[in-house]
Amino acid sequence: AVVSTQSTGENTTFWSKVESVTQPTATAKDIAIGFFSSGYYCGEKRHDDVCKANTDRVFENDNTLNNQLNNAPASYFGHVLKFTDKVTVPYMCSRNNNFSNRSQKGILWVVSKAEAEAAKKRRRR
């Protein structure tokens, strides 16, 4: 599944390679919308264990989120994610990032257990 972010026009398959451990019925879109909105929206639509409370905001038919996230929550529990496939994920944190010695970025490689064991053996040599 490809998730498109309307504001930037970007497409990503990242969300189709993870599942939520904390909300197993959450779809790729539910997870992405929760993270993209900093928890302002709990997901795309109300279903099962996602967005079940009447106070939960759903993305469907609601465009009240400020484009600078000014009305988003200050903290967000989010989801505990589990990768379902091998993937390479570059990441960065833009908070306090002035591209100097405080740069917070890296690459996460998710590989099979056999590949991880082989890499360990190569490092020991």
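**Aromatic rings around F35**

F35 is partly exposed in this predicted model. Its relative accessible area is 30%. That value falls between the 20% limit for buried and the 50% limit for exposed, so F35 counts as partly exposed. Now look for a partner. The ring centres of F35 and Y76 lie 5.7 Å apart, and their planes meet at 85°. An angle over 60 degrees counts as edge-to-face, so this pair is edge-to-face. The two residues come from distant parts of the chain, 41 residues apart. F35 belongs to helix α1, while Y76 lies in the loop between α1 and β4 (81-83). Y76 is also partly exposed, at 31% relative accessibility.

Step back for a moment. The structure holds seven aromatic pairs. One of them joins W15 and F35: the centres are 5.7 Å apart and the planes are at 25°, so the pair is stacked. The cut-off for stacked is under 30 degrees. This pair, too, links distant parts of the chain, with the two positions 20 residues apart. W15 is in the loop between β2 (10-12) and β3 (18-20), and F35 is in helix α1 (residues 28-36). W15 is buried, with a relative accessible area of 8%. That is under the 20% limit.

Next, see the wider group. W15, F35 and Y76 are joined by F14, F36 and F83 in one aromatic cluster.

Finally, turn to Y40. Which residue has its charged end over the ring of Y40? R57 does, 4.0 Å from the ring centre.

Methods
Residues numbered from 1 in each chain as written. Predicted model: local features only at pLDDT ≥ 70, side-chain atom pairs only at ≥ 80, totals over all residues. Heavy atoms only, no water. Phe/Tyr/Trp six-rings, centres within 6.5 Å; stacked < 30°, edge-to-face > 60°. Helix = DSSP H or I, 4+ residues; strand = E, 2+ residues; numbered from the N terminus. Buried < 20%, exposed > 50% of the residue type's maximum accessible area, 1.4 Å probe, protein only. Lys NZ or Arg CZ within 6 Å of the ring centre and 35° of its normal.
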